[in-house]
Amino acid sequence: MRFAPIVDRLSNLGGAKWAVHARAKEMIAQGREVIKLSIGEPDVPPADALLAAAKAGIDAGRLGYSNGRGEPNLLAALAARYSARTGRSIAPSQCTALPGTQTTLYATLTTLVGPGDEVLLGDPCYATYEGLIAATGAQVVMVPLHAEHGFRMQAADVAPLITPRTRLLFLNTPHNPTGAILTEGDIRALGALAIQHDLWILSDEVYEEMIYVGARFVSPFDLAELADRTVVAASISKSHAAPGFRSGWCVGPQEFSDALLPVAETMLFGNQPFIADMTALAVSAPSAAARAMAQRFSRRAGLVQRMLHGKNGLVVHRPEAGMFALVNIAATGLTGEEFALGLLDAEGVAVMPGESFGHGLAGWLRLSLTVDDPLIETACTRIAAYAARAQGLAA
Ligand SMILES: Cc1ncc(COP(=O)(O)O)c(C=O)c1O
């Protein structure tokens, strides 16, 4: 039987990237002890108050269909949140509730681009982005993100890649996997290009609340000159440690929101009212859970840096936000994949090879910061030892 072209377009973008993580899970199932730094999930459960709000919604019978845009209480809470953040009046009808950032990105891209269009995307990037763009039939155009610029996308790297087919600039700030946060200057320069070439900006801000002390978050949506071309996507998955609830949203210009509505209705017809109740509560105040996670992850990023930076030729890139630290292992002469697979077998430490996130992280490893400090320390000791052995050095 024949399948649609989307199946071919997505066929090389899936599971292979997660080979190390899959092998780690196999080893654990066989009874081996593995320190799993390969995946980042919040390390706490959702707050009791949020679970109580979801349960109260269930008890109150909030179990029927919603509508294509989402429950009014959630849309009002989102409008209030983004009005306060931007200093402009954002209407509830500019917001759409969808099941998680991932679905939101899918619906947004489907609304904005299609075959024949080009989408500018930073390399490295979060593992699903290429698939999201490929699903629409649009072409991915990779913008290199350089370690010397802290992996922040630079307008000078974007400008030469713009063609008459370019339709959308895909941003992720704070960024997974690098933990980089675009500065206001970065965004204004990128935004000037978007205005000049009439591009949409899609900004995945799922880590907005997980920024470390001293860092400053700015969204293109907050800048008045970019407000009519920017769509923000986010969720409570990271900020409220609630990925399993699949509760996300987007906010953007009214014109976009109206164009999205039939797409959202066709895909889903709204999210679940009792989850909307929980999410409305979540987004109505800053997340204490996110602040505490950011403190823990920042401390652990510091631990990784102290233990590995400069050790046996390793270089640590310190994140400004999020759940991951990056370690450059190029000095060992191994690829990230070779190092990660070897490290897992020899030392029982599972990390992600940088290559899983794009060519720009070849020779890097991504370490999740979501396990306890002593485990991070043990993992770092083993990574340093493995790096030394790979180079024929004493550990
Ligand atoms: C950058 C980024 N965007 C989106 C997602 C998916 O988020 P959600 O659970 O809201 O679909 C993740 C999850 O790791 C992510 O890191």
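A residue counts as buried here if 20 or more other C-beta atoms lie within 10 Å of its own, and as exposed if that number is 12 or fewer. With that cut-off in hand, let us walk through this predicted model, starting with a helix.

Helix α6 covers residues 129-136, and six of its eight residues are buried, so the helix is largely enclosed by the rest of the structure. The buried residues are Tyr129, Glu130, Leu132, Ile133, Ala134 and Thr136. What do they pack against? Their partners are two helices, α1 (5-10) and α5, together with the strands β3, β4 and β5. If you follow the chain just past the end of α6, you meet Gly137, which has a positive phi of about 90 degrees.

The strands just mentioned lead us to the sheet. Seven strands make up this open, mixed sheet, and reading across it gives the order β2-β8-β7-β6-β5-β3-β4. At its edges sit β2 (95-98) and β4 (139-144), each of which pairs on one side only. On average, neighbouring strands of the sheet are turned by 25 degrees against each other, with direction ignored.

Let us look at two of the pairings. Strand β3 (residues 118-123) runs parallel to strand β5 (residues 166-172), and four bridges join them. Within this pair, Val119 has Leu168 of β5 as its bridge partner. β5 also pairs in the parallel sense with β6, this time over five bridges, and here Phe170 stands opposite Leu202 in β6.

Strand β6 deserves a closer look. Is it enclosed or exposed? Five of the five residues in this strand (residues 200-204) are buried, so β6 is largely enclosed by the rest of the structure. In a regular strand, side chains alternate between the two faces of the sheet. In β6, Trp200, Leu202 and Asp204 are on one side and Ile201 and Ser203 on the other, and both faces are covered.

Asp204 brings us to the ligand, since this residue is part of the surrounding shell. The other members are Gly100, Thr101, Gln102, Tyr126, Asn172, Asn176, Val206, Ser235, Ser237, Pro243 and Gly248. By class, the shell has eight polar, three nonpolar and one charged residue. Which element gives the largest share? That is helix α5 (residues 100-112), which supplies three residues.

Another stop is Gly244, found in the loop between β7 (230-235) and β8 (248-251). Gly244 has 11 other C-beta atoms within 10 Å, so it is exposed. Gly244 and Lys55 are 189 residues apart in sequence, while their C-alpha atoms are 15 Å apart in space.

Finally, step back to the domains. The domain assignment gives domain 1 as 15-40 + 288-390 and domain 2 as 48-282. Taken over C-alpha atoms, the centres of the two domains are separated by 27 Å. Their contact draws on 21 residues from domain 1 and 25 residues from domain 2. On the side of domain 1 that touches domain 2, the elements giving two or more residues are α11 (288-308) and β10 (324-328). The largest share of that side, five residues, comes from α11. Sorted by class, this side of domain 1 has ten nonpolar, eight polar and three charged residues.

Methods. Residues are numbered from 1 along each chain as its sequence is written. This is a predicted model: local features need pLDDT of at least 70, side-chain atom pairs count only at pLDDT 80 or more; totals for chains, interfaces and linings use all residues. A residue is near a molecule or strand if its C-beta atom, placed from the backbone, lies within 6 Å of it. Ala, Val, Leu, Ile, Met, Phe, Trp, Tyr, Cys and Pro count as nonpolar, Asp, Glu, Lys and Arg as charged, and the others, Gly among them, as polar. Two strands pair if DSSP finds at least two bridges between them. Axes are lines fitted to C-alpha atoms, for helices over the stretch in contact, and angles run from 0 to 180 degrees between N-to-C directions. Domain bounds come from an automatic or database domain assignment. Two residues are in contact if their C-beta atoms, placed from the backbone, lie within 7 Å.
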